[in-house]
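Me: I've got a model open here and would like to talk through it. Could you take me through what it shows, piece by piece?

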Amino acid sequence: MAITPEDTKFLEQIDKLEPRAHCLRAQIVSMIVKDGKILVAHANDWQNGYNCSRIGCVRDMYQVPSGQRREVCYGICAEQWCLALAAKKGISVEGATLYCTKHPCRVCAGMIAVAGIKRVVYQEGYPEVLPNYNILEDSGIIVEMAPSTVFKSPKVSKNHTI
């Protein structure tokens, strides 16, 4: 499946939202779309009450390398935010497409597969992918890399993981 003009429209929207992500380490946005309608969209962000701008990045304080010890963080991945918001609102994401500025991490890939997402369109790779265990493709999910759009901000961090 090729990237369509409709895909580009949604990719432009996530590129516009990406600079608004609150994470101090990486700015990532995800959006779930079904039948041409945006169901949910969110950036990676901290949980309410744990504002990293005030308390500091816990992962930086403990010098945790990117992609490791994910539990040492108050942040939630953009994909997890979207899936949680859809569940909270009673919105089925079965058969939907998930757009994201970075390839989903392994934890998010598992959640995407269980949620019934049928297609993932991402813009940049994820450095810690385990090559022998591709949960998305092994689950029959179509995975496509798309280019950044003209709306990609040069101010966005090049970090790929929290």
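Reply: Before we start on the loops, a word on terms: helices and strands here are DSSP runs, with at least four residues for a helix (H or I) and at least two for a strand (E), and they are numbered from the N terminus. Please also keep in mind that this is a predicted model.

Me: Fine. Which loop is Asp35 in, then?

Reply: Asp35 sits in the loop that joins strand 1 to strand 2, and its relative accessible area of 77% makes it an exposed residue, because exposed means over 50%.

Me: What's its phi like?

Reply: The phi of Asp35 is positive, at about 55°, although the residue is not a glycine. For context, most residues other than glycine have a negative phi. Gln63 is another non-glycine residue with a positive phi, in its case about 50°; it is placed in the loop between helix 3 and strand 4, and at 69% relative accessibility Gln63 counts as exposed.

Me: And which residue has a positive phi just after helix 5?

Reply: That is Gly116, which follows directly after helix 5 and takes a positive phi of about 90°.

Me: While we're there, which residues of helix 5 are buried?

Reply: In helix 5, which covers residues 106-115, the buried ones are Cys108, Ala109, Gly110 and Ile112. The elements that cover them include helix 4 (78-88) and helix 6 (135-138), together with strand 5 (97-102) and strand 6 (119-124).

Me: Switching to helix 1: how many residues does it have, and how far does it reach?

Reply: Helix 1 has 13 residues, running from 5 to 17, and from its first C-alpha to its last it reaches 19 Å, which is close to the 18 Å expected at 1.5 Å a residue. Its buried residues are Asp7, Phe10, Leu11, Ile14 and Asp15.

Me: Why do those end up on the same side of helix 1?

Reply: Because they cover an arc of only 145° around the axis, they lie on the same side of helix 1. What these buried residues pack against is strand 1 (29-34), strand 2 (37-43), strand 5 and strand 6.

Me: Salt bridges next. How many are found in the whole structure?

Reply: A search of the whole structure finds eight. One of them joins Glu18 to Lys152, with the closest N and O atoms 2.8 Å apart. Glu18 lies in the loop between helix 1 and strand 1, while Lys152 is in the segment after strand 7, so this pair ties together parts that are 134 residues apart in sequence.

Me: Are those two buried or exposed?

Reply: Both Glu18 and Lys152 are buried; for Lys152 the relative accessibility is 16%, and buried means under 20%.

Me: What else does Lys152 meet in a salt bridge?

Reply: The side chain of Lys152 also meets that of Glu124, at 4.0 Å from N to O. This pair, too, links distant parts of the chain, with Glu124 in strand 6 and Lys152 in the segment after strand 7, 28 residues apart. Glu124 counts as buried at 17% relative accessibility.

Me: Which residues are in the salt-bridge network?

Reply: The network links Asp15, Glu18, Lys102, Glu124 and Lys152. Asp15 is also among the buried residues of helix 1.

Me: And where does Arg119 come in?

Reply: Arg119 forms a salt bridge with Glu144, their side chains meeting at 2.6 Å, N to O. The two are 25 residues apart, Arg119 being in strand 6 and Glu144 in strand 7. Arg119 is buried, with a relative accessible area of 5%, and Glu144 is buried as well, at 9%.

Me: What does Pro147 contact?

Reply: Leaving aside its neighbours within four places in sequence, Pro147 is in contact with Leu11 and Gln123. Leu11 is one of the buried residues of helix 1, whereas Pro147 itself, in the segment after strand 7 (142-145), counts as exposed at 56% relative accessibility.

Me: Last topic, the surface. Which residues make up the nonpolar patch?

Reply: Tyr50, Ile55 and Tyr74 form that patch, and together they have about 250 Å² of accessible area. Tyr74 belongs to the loop between helix 3 (58-61) and strand 4 (75-76) and counts as partly exposed at 31% relative accessibility. As for Tyr50, its C-alpha lies 33 Å from that of Pro147, and the two residues are 97 apart in sequence.

Conventions:
Residues numbered from 1 in each chain as written. Predicted model: local features only at pLDDT ≥ 70, side-chain atom pairs only at ≥ 80, totals over all residues. Heavy atoms only, no water. Buried < 20%, exposed > 50% of the residue type's maximum accessible area, 1.4 Å probe, protein only. Contact = heavy atoms within 4.5 Å. Patch = residues over 30% accessible without salt bridge, like charges linked within 9 Å, V, L, I, M, F, W, Y side chains within 5 Å. Areas by Shrake-Rupley, 256 points an atom, 1.4 Å probe, with all protein chains shown as cover. Expected span 1.5 Å × (residues − 1). Arc of directions from axis to C-beta.
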